[in-house]
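Student: Got a minute to go through a structure with me? I'd like to take the pieces one by one.

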Amino acid sequence: MMRKLFFILFILLILTTIKSNAQYFQNLSVGNGLSQPSVMAIGQDTLGRMWFGTREGLNVYDGGKIKYYKGEVDNGKDGKLWIGNSISSIVSENLVDGNKVYFNVSSI
């Protein structure tokens with residue numbers, strides 16, 4: 001009996017000394033500016049921005065607003081280059097000279 005009591009007190013002591021960090025979480029939706037409700041990939045860069053890949057393009061959330069990139073980019077004097085919309089994976093790479101974000105796109 002005494003052993004059980006010491007064990008319970010020991011567990012309670014451990015649980016009270018563990019530092020807990022509160023995490024803030026916000027739901028993002030089409031109403032907040034997300035291009036589509038189905039998110040296929042998520043990544044985060046060193047600045048803390050969240051990158052969401054959907055079937056309709058790439059969305060970047062900076063903590064306040066969402067910026068949306070559709071499947072074409074400016075190709076200089078040649079006009080627009082179609083790269084596709086459906087983002088299937090996002091990878092962030094932390095480098096000495098800056099942060100790089102890579103994403104895999106298919107044109108379905």
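Student: Which residue does glutamine 44 stand opposite in strand 2?

Tutor: Methionine 50. Keep in mind that this is a predicted model.

Student: Noted. How many bridges join strand 1 to strand 2?

Tutor: There are 5, and the two strands run antiparallel. They form a hairpin with 5 residues between them.

Student: Which residue in that turn has a positive phi?

Tutor: Glycine 48, with a phi of about 90 degrees.

Student: On to strand 3. How is strand 2 joined to it?

Tutor: By a hairpin, through 2 residues. Strand 2 covers residues 50-54 and strand 3 covers residues 57-61. They run antiparallel, joined by 5 bridges.

Student: Which residues stand opposite phenylalanine 52 and glycine 53 in strand 3?

Tutor: Phenylalanine 52 stands opposite asparagine 59. Glycine 53 stands opposite leucine 58.

Student: Is strand 2 mostly covered or hardly covered?

Tutor: Mostly covered. Of its 5 residues, 4 are buried.

Student: What's the order of the strands in the whole sheet?

Tutor: The order is 1-2-3-4. The sheet is open, has 4 strands, and its pairing is antiparallel.

Student: Which strands are at the edges?

Tutor: Strand 1, residues 39-44, and strand 4, residues 66-69. Each of them pairs on one side only. From one strand to the next, the twist averages 20 degrees.

Student: Where do side chains point in a strand, generally?

Tutor: In a regular strand they alternate between the two faces of the sheet.

Student: New topic: charges. How many salt bridges are there in the whole structure?

Tutor: A search finds 2. One is between aspartate 45 and arginine 49, with the closest N and O atoms 2.7 Å apart. The other joins lysine 65 and aspartate 62, at 3.4 Å from N to O.

Student: Why can such side chains pair at all?

Tutor: Side chains of opposite charge can pair when their charged atoms come close.

Student: Is aspartate 45 buried or exposed?

Tutor: Buried, because its relative accessible area is 5%, under the 20% cut-off. Its partner, arginine 49, is partly exposed at 29%.

Student: And what about the pair with lysine 65? How accessible are lysine 65 and aspartate 62?

Tutor: Lysine 65 is exposed, with a relative accessible area of 57%. Aspartate 62 is partly exposed, at 43%.

Student: Let's switch to helix 1. What span does it reach?

Tutor: Helix 1 takes in residues 2-17, which is 16 residues. From first C-alpha to last it reaches 23 Å, close to the 22 Å expected.

Student: How many of its residues are buried?

Tutor: The count is 0, so helix 1 is hardly covered.

Student: Which residues form the nonpolar patch on the surface?

Tutor: Among them are Met2, Leu5, Phe6, Phe7, Ile8 and Leu9, and Ile18 is also included. Together the patch residues have about 1,200 Å² of accessible area.

Student: Pick one. Where does isoleucine 8 lie?

Tutor: In helix 1. Isoleucine 8 counts as partly exposed, at 48% relative accessibility.

Student: Last one, the overall picture. How many helices and strands does the protein have?

Tutor: It has 1 helix and 8 strands. From the N terminus on, the elements run α-β-β-β-β-β-β-β-β.

Student: And what share of the residues is buried?

Tutor: Buried residues make up 20% of the 108 in the protein.

Note on methods. Residues numbered from 1 in each chain as written. Predicted model: local features only at pLDDT ≥ 70, side-chain atom pairs only at ≥ 80, totals over all residues. Heavy atoms only, no water. Expected span 1.5 Å × (residues − 1). Buried < 20%, exposed > 50% of the residue type's maximum accessible area, 1.4 Å probe, protein only. Pairing = 2+ DSSP bridges. Axes fitted to C-alpha atoms, helices over the stretch in contact; angles between N-to-C directions. Salt bridge = Lys/Arg side-chain N within 4 Å of Asp/Glu carboxyl O. Patch = residues over 30% accessible without salt bridge, like charges linked within 9 Å, V, L, I, M, F, W, Y side chains within 5 Å. Areas by Shrake-Rupley, 256 points an atom, 1.4 Å probe, with all protein chains shown as cover.
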